[in-house]
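Trainee: Got a minute to go through this one with me? I'd like to start with a single residue and work outwards.

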Amino acid sequence: MEFTTIFDFIGTFAFAISGVRLAARKNFDLFGAYVVGFVTAVGGGTLRDLMLGTTPFWMTTPYYVIITGVALLTVIVLKKWLVRFDSTFFIFDAIGLGFFTVVGLEKSMAADFPMWINIIMGCITGATGGIIRDILLNEVPLIFRKDIYALACAGGGIVYCICHKYGMPNVATQVIAAASVILIRIVAVHYGISLPSLSPDQDDSLHSNS
Amino acid sequence: MEFTTIFDFIGTFAFAISGVRLAARKNFDLFGAYVVGFVTAVGGGTLRDLMLGTTPFWMTTPYYVIITGVALLTVIVLKKWLVRFDSTFFIFDAIGLGFFTVVGLEKSMAADFPMWINIIMGCITGATGGIIRDILLNEVPLIFRKDIYALACAGGGIVYCICHKYGMPNVATQVIAAASVILIRIVAVHYGISLPSLSPDQDDSLHSNS
Amino acid sequence: MEFTTIFDFIGTFAFAISGVRLAARKNFDLFGAYVVGFVTAVGGGTLRDLMLGTTPFWMTTPYYVIITGVALLTVIVLKKWLVRFDSTFFIFDAIGLGFFTVVGLEKSMAADFPMWINIIMGCITGATGGIIRDILLNEVPLIFRKDIYALACAGGGIVYCICHKYGMPNVATQVIAAASVILIRIVAVHYGISLPSLSPDQDDSLHSNS
């Protein structure tokens, strides 16, 4: 087992847990919770692979299907205690985000796309799973309204490009880029930093006031 | 016309009818109802084909576009009497589900994927159309909350694998697998069997009680 | 720069503006507004390209990413005055719809699909971006309930086929087809022409009355 595989599995597990827990809050049945967990974990990479024209990554190994099953079992068995581990899950989720971003970026780079596409593919890999999860739950996607999330992926992607351009060894580039994503995410959540929201057209609010 | 084609058309018709009727309840216009009917009928197979890397099946023959049109006309003309045929549509829908599952599984098998992927592709073919339908209607997908639906596909897929492994003739394998899906579905609905739902985190409910 | 490129950019800009403005009404942050604008502009062509089995068009040139950025900036800077330009945006949007329809139809034709698929691909190119936009905003897609929209694409597509069949020069065919889409759209909105909506099953309404 490669070193990076551990991070891949941690990220998949954390993403699946977040999907399963949100599905539970909407009283989904076991199957629905499993699907939402699975889509949260693999949705981003699947969209990336379809756009890159390759077979979705989770179809080449049963690990992702199994890890989602473990995540579902974890939520069922540890339900009462899960909230106590929220900060652990947050760290896992941030690790997953950092790792997914680097994986997505490199898969796009290996297919000879230019750097700006690679950065976008990193963001899509990290952020799309959560968007599809919220669509399935019939909610406005959380990442459009709160926190620095996909922007952390973009930040990590830019760091990757800079390291890569100046000839830094591959492993160092990966670690620094993933760490940047994780750091941006932790700092943003800890200090409650959000992007400003776009307020509606001025005339609209005038209209609703009158 | 092949024997199986009849089941394919019955399933497509039943799925399209379900999409058109639910769109009518949301006061969609004729075009919107057609689109929802079409997506319900072909959405699962389309996602499967994109993941398998082939051209979506409905792009190779005009039958699916035409059958959806017939379904739309049927709902318009027979609107007043449709409810009386609900049990007929339920049987058609179950036949379609069984047939779609077998078609999806075999298409994946023909592309040399392992059996666990074939089973998943059978489930995606059968269940995704209804999920996209509910997303377009801005509802929480029904199959995540009620009834045994995608699980019937999975059950039929497992039956297929067992028959296939023990060298049963192809047609017998197809019939037994499709019949399993239909039977599971009918038994589940008749006896009101559902999967247990995942209740929310204990601490959440405590919190909302206090 | 080719002649047609200008129409492509006008359409992209108008579609992105519509996405950003609707996201602003839902208090999305800057990143969320950008994503919604981008998906509105390129979503239809992306689905078309995935179905045709080619790389999504926006991955081959940075213009679409940049134009969406310009659209976001435009909304931020001109927020107070945007409403005054609503009729301008409507014309831009109609031009974009006509242009996208022709581009989608021709891309499908170049891949040797039959004419009925080309027309559908024209409709998908023009209309899917707005559908995905509304799903991200957690609304029932507007085009299923109001106005002649995708039907204008279908009308333009049929006009294209007729011109093409009777050997009209390519540029004339393109212009006449795009103009048909724009004209249908303008006439429909100006005279408030909508498709009839499918009323729900008779028995349902009886039931809710009693």
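Trainee: Where is C:Ala111 found?
Mentor: C:Ala111 sits in the loop between α4 (86-110) and α5 (115-136) of chain C. Helices here are DSSP runs (H or I, at least four residues), as strands are (E, at least two), numbered from the N terminus. This is a predicted model, so local features need pLDDT of at least 70, side-chain atom pairs count only at pLDDT 80 or more, and totals for chains, interfaces and linings use all residues. Residues are numbered from 1 along each chain as its sequence is written, while chains are lettered from A and ligands numbered from 1 in the order in which they are written.

Trainee: What does C:Ala111 count as, with its C-beta neighbours inside 10 Å?
Mentor: Partly exposed, because C:Ala111 has 15 of them. The cut-offs are 20 or more other C-beta atoms within 10 Å for buried, 12 or fewer for exposed, and partly exposed in between, with C-beta atoms placed from the backbone.

Trainee: How many Å apart in space are C:Ala111 and C:Phe144?
Mentor: 29 Å, C-alpha to C-alpha, with their positions 33 residues apart in sequence.

Trainee: Switching to the interior. Which residues have the most contacts inside the largest nonpolar core?
Mentor: A:Val20, A:Val36, B:Val20, B:Val36, C:Val20 and C:Val36, in a core of 208 residues. Such a core is a set of buried Ala, Val, Leu, Ile, Met, Phe, Trp, Tyr and Cys residues joined through C-beta atoms within 7 Å.

Trainee: And what does B:Val36 touch?
Mentor: Leaving out residues up to four places away in sequence, B:Val36 touches B:Gly19, B:Val20, B:Leu22, B:Ala23, B:Phe28, B:Arg133, B:Leu136 and B:Leu137. Contact means C-beta atoms, placed from the backbone, within 7 Å.

Trainee: On to the chains. How many residues of chain B are in contact with chain A?
Mentor: 26 residues of chain B, against 29 residues of chain A. On chain B, α2 (30-52), α5 (115-136), α6 (150-165) and α8 (202-209) each supply at least two residues of that side.

Trainee: What about the classes on the side of chain B that touches chain A?
Mentor: That side of chain B has 15 nonpolar, six polar and five charged residues. Ala, Val, Leu, Ile, Met, Phe, Trp, Tyr, Cys and Pro count as nonpolar, Asp, Glu, Lys and Arg as charged, and the others, Gly among them, as polar.

Trainee: Which rotation superposes chain A on chain C?
Mentor: One of 120°, with 0.0 Å of shift along its axis (RMSD 0.0 Å). The two copies are therefore related as by a three-fold rotation axis. The fit is by least squares on the C-alpha atoms of residues with pLDDT of at least 70 in both.

Trainee: Why do the copies A and C meet through different surfaces?
Mentor: Because only 12% of the interface residues of chain A are also interface residues in chain C.

Definitions and conventions. Two residues are in contact if their C-beta atoms, placed from the backbone, lie within 7 Å.
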